[in-house]
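Work through the exercises below with the model open beside you. Try each task before you read its solution.

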Amino acid sequence: MKAEAVIRLKARDKRLPSAIGRVAKKVFLMLVTVYTLVLFTGQAVKFFSLRAEVAQFEEQIRFHSVNNEILRQRVEAMQGDAYIEQMAREQLGLIKPGELLYMAVEGSFDSED
């Protein structure tokens, strides 16, 4: 009977390390899975954040491109002779030779001689 008890203890001792090994493998796999999920979630958050930032920058690029085109057209218009002549007439009061200048004067003219 003593021999059977010794054999059972030896058999139990052999099963014990394999049970610990299985539990250790499960714990290790769970830790790896959790780590992977945490890592993936962090990267996904960064990805979507950067994607939103890229969309904002693209919108700014479109806005500034349109604005640049408008300014480019204004610069071209200001370099033309017609614009220069118009500004000389409006802001400086210049006239071409042979033209008559009529000016509106505010106030009332009473003819009392």
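**Exercise 1. Surface patch**

Task: Find which residues form a nonpolar patch on the surface, and place Val-27 within the chain.

Solution. Val-23, Val-27 and Leu-31 make up the patch, with about 270 Å² of accessible area together. A patch takes residues with over 30% relative accessible area and no salt bridge; like charges are joined within 9 Å, nonpolar side chains (Val, Leu, Ile, Met, Phe, Trp, Tyr) within 5 Å. Areas come from the Shrake-Rupley method with a 1.4 Å probe, and for residues only the protein chains shown count as cover. Next, locate Val-27: it sits in helix H1, residues 2-78. Helices (H or I, at least four residues) and strands (E, at least two) are DSSP runs, numbered from the N terminus. Last, check the exposure: Val-27 has a relative accessible area of 42%, so it is partly exposed. The classes are buried (under 20% relative accessible area), exposed (over 50%) and partly exposed (in between), with a 1.4 Å probe and protein chains only.

Two notes on the source. This is a predicted model, where local features need pLDDT of at least 70 and side-chain atom pairs count only at pLDDT 80 or more, while totals for chains, interfaces and linings use all residues. Residues are numbered from 1 along each chain as its sequence is written, and side-chain values use heavy atoms, with hydrogens and water left out.

**Exercise 2. Whole chain**

Task: State how many helices and strands the chain has, and what share of its residues is buried.

Solution. The chain has two helices and zero strands. Of its 113 residues, 2% count as buried. The chain exposes about 11300 Å². Carbon and sulfur atoms supply 64% of that area.

**Exercise 3. Aromatic pair**

Task: Search the whole structure for aromatic pairs and classify what you find.

Solution. The search returns one pair. Its members are Phe-47 and Phe-48, with ring centres 5.2 Å apart and planes at 70°, so the geometry is edge-to-face. The rule: rings of Phe, Tyr and Trp (its six-membered ring) pair if their centres lie within 6.5 Å; planes under 30 degrees apart are stacked, over 60 edge-to-face, the rest tilted. Now compare the exposure classes. Phe-47 is partly exposed at 47% relative accessibility. Phe-48 is exposed, at 51%.

**Exercise 4. A salt bridge in H1**

Task: Describe the salt bridge between Glu-59 and Arg-62.

Solution. Start with the general idea. Side chains of opposite charge can pair when their charged atoms come close. The cut-off here is a side-chain nitrogen of Lys or Arg within 4 Å of a carboxyl oxygen of Asp or Glu. The whole structure holds five salt bridges. In the one between Glu-59 and Arg-62, the closest N and O atoms are 2.7 Å apart. Both residues lie in helix H1, three residues apart, about one turn of the helix. Glu-59 is partly exposed at 45%, and Arg-62 is partly exposed at 47%.

**Exercise 5. H2 and its network**

Task: Check the span of H2, then trace the salt bridges of Glu-85.

Solution. Helix H2 (residues 81-92) has 12 residues and reaches 16 Å from first to last C-alpha, close to the 16 Å expected at 1.5 Å a residue. The expected span is 1.5 Å times one less than the number of residues. Gly-93 follows H2, with a positive phi near 70°.

Next, the bridges. Glu-85 pairs with Arg-89, the closest N and O atoms being 3.2 Å apart. Both are in H2, four residues apart, about one turn of the helix. Glu-85 also meets Lys-96 in a salt bridge at 3.5 Å, N to O. That pair links distant parts of the chain: Lys-96 is in the segment after H2, Glu-85 in H2, 11 residues apart.

Then widen the view. Glu-85, Arg-89, Lys-96 and Glu-99 are linked in a network of salt bridges. Leaving aside neighbours within four places in sequence, Arg-89 is in contact (heavy atoms within 4.5 Å) with Leu-94, Lys-96 and Glu-99.
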